[in-house]
Amino acid sequence: MRVLGIESSCDETAVACVDDGGVRSNLISSQVDLHRHFGGVVPELASRAHLSNILPVLSAALEEAGWTLDEVEAVAATAGPGLIGAVLMGLSCAKSVAWARRLPFVGVHHIEGHILANDIERPMTLPALVLVVSGGHTQTVWMEAPGRYRVLGKTRDDAAGETLDKAAKLMGLGYPGGPLIEKLAAGGRAGAISLPVGLRRRGELDFSFSGLKTAVRLRLEAMGDEVSEADRADLARALQDAVIESLVLKTAAALDALGAGRVRGLYLAGGVARNAALRDAFESLAAARRLVFTPPPPAYCTDNAAMIAWAGRHRLLAGQRDSLQLGAFARRPLSSWS
Ligand SMILES: Nc1ncnc2c1ncn2[C@@H]1O[C@H](COP(=O)(O)OP(=O)(O)OP(=O)(O)O)[C@@H](O)[C@H]1O
Ligand SMILES: [Mg+2]
């Protein structure tokens with residue numbers, strides 16, 4: 001089935017073409033430069049940029065796939081969660097194409113897209129435990145099959161990506177912070193600075209990162225105005241290590257809670273999954289628990305439309321359709337559809 005996918009939940013205008021053989025095109029018009037000046041995404045600017053970018057990106061994605069609009073068989077778009085004005089731009093565009101061409105249409109939960117990014121290049125080993133680590137979400141999800149999900153633990157305050165972004169802003173590094181922290185941390189010394197891991201108690205499945213963010217702020221204040229490059233690198237290393245320790249600890253706790261035999265695959269999803277140290281830590285965790293671990297392709301970790309088209313394709317192939325009355329949503333927990 002040839003599916004056109006559209007993603008516009010935050011600051012990337014993305015369109016992809018996928019079919020039974022995989023991804024035919026996957027284009028992203030990034031707004032990072034537009035928002036960098038503000039140190040974060042400005043919702044109104046994001047919506048306006050989506051509006052002006054969406055049709056050119058759609059045309060280019062079709063062209064790269066070698067498809068005409070006549071060859072598209074179904075349309076999928078992110079329906080949420082995300083910035084509501086931004087989601088509406090891509091969703092409305094997708095509905096318009098579906099209406100004009102009388103095509104089947106599905107709205108996709110953005111987090112299901114992140115999870116199923118792992119399924120694009122090879123089928124996932126299921127049942128699996130997936131750690132979703134993105135700019136807005138941090139949660140462990142037990143996945144029995146595409147469409148069957150149970151959230152086990154989630155963050156009580158900030159998401160892991162949000163913590164890295166906010167800490168990077170405090171450190172004057174820029175936006176988005178995750179990749180900048182990773183780069184700086186490479187020159188830092190392990191253990192030179194110690195930072196707290198939230199909700200550390202045994203058996204606790206939820207995450208907490210707000211204390212870590214405060215600890216970074218206090219540490220920076222204590223360092224004063226003249227912070228050396230070496231100190232900044234040590235702080236970045238400590239922050240990255242604390243985030244990863246928390247992610248591994250809670251993933252291990254979720255595996256313990258599920259019990260032996262209920263998980264075969266371990267996966268990472270979302271933008272923070274690009275982080276090499278986190279991938280290494282998951283490699284070790286999977287080896288210790290005798291689980292299959294395949295890191296997601298970096299291009300499918302941060303927001304993209306291939307993952308949305310792929311998740312939509314699963315629902316379409318299962319015979320599901322959404323009405324063109326489907327609304328956009330800013331927040332909604334991940335739920336099962338199968
Ligand atoms: N190499 C990296 N190391 C750590 N974090 C990273 C890296 N690359 C990207 N990130 C982080 O990933 C996040 C963006 O991921 P993503 O695009 O999945 O989030 P989002 O779409 O904004 O949030 P959500 O998917 O929850 O709605 C940012 O917080 C960014 O700092
Ligand atoms: Mg995302």
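This passage describes the packing of two helices and the surroundings of ligand 1 in a predicted model.

Two packed helices are described by the angle between their axes and the distance between the axes. In the predicted model, helix α5, which spans residues 160-170, packs against helix α6, which spans residues 177-185, at an angle of about 70 degrees, and the two axes lie 8 Å apart. Because angles of 65 to 115 degrees count as roughly perpendicular, α5 and α6 are therefore roughly perpendicular to each other. The crossing in which α5 passes α6 is left-handed. On the α5 side, the contact is made by Gly161, Leu164, Asp165, Ala167, Ala168 and Lys169, while α6 contributes Gly177, Gly178, Leu180 and Ile181. By class, the residues of this contact of α5 with α6 comprise 5 nonpolar, 3 polar and 2 charged.

The surroundings of ligand 1 involve these helices as well, since α5 and α6, together with α4 (110-116), each supply at least two residues of the shell around the ligand. In total, 24 residues surround ligand 1, and the closest are Gly135, Gly136, Gly161, Gly178 and Gly271; among these, Gly161 of α5 and Gly178 of α6 also take part in the contact between the two helices. The greatest contribution to the shell comes from α6, which gives 4 residues. Divided by class, the shell holds 15 polar, 5 nonpolar and 4 charged residues. With regard to the domain assignment, at least three residues of the shell around ligand 1 are drawn from each of domain 1 (3-116 + 300-317) and domain 2 (125-296).

Methods
Residues numbered from 1 in each chain as written. Chains lettered and ligands numbered in written order. Predicted model: local features only at pLDDT ≥ 70, side-chain atom pairs only at ≥ 80, totals over all residues. Axes fitted to C-alpha atoms, helices over the stretch in contact; angles between N-to-C directions. Parallel < 35°, antiparallel > 145°, perpendicular 65-115°, else oblique. Left-handed = near helix turned anticlockwise from the far one by under 90°. Contact = placed C-beta atoms within 7 Å. Nonpolar A, V, L, I, M, F, W, Y, C, P; charged D, E, K, R; others polar. Near = placed C-beta within 6 Å. Domains from an automatic or database assignment.
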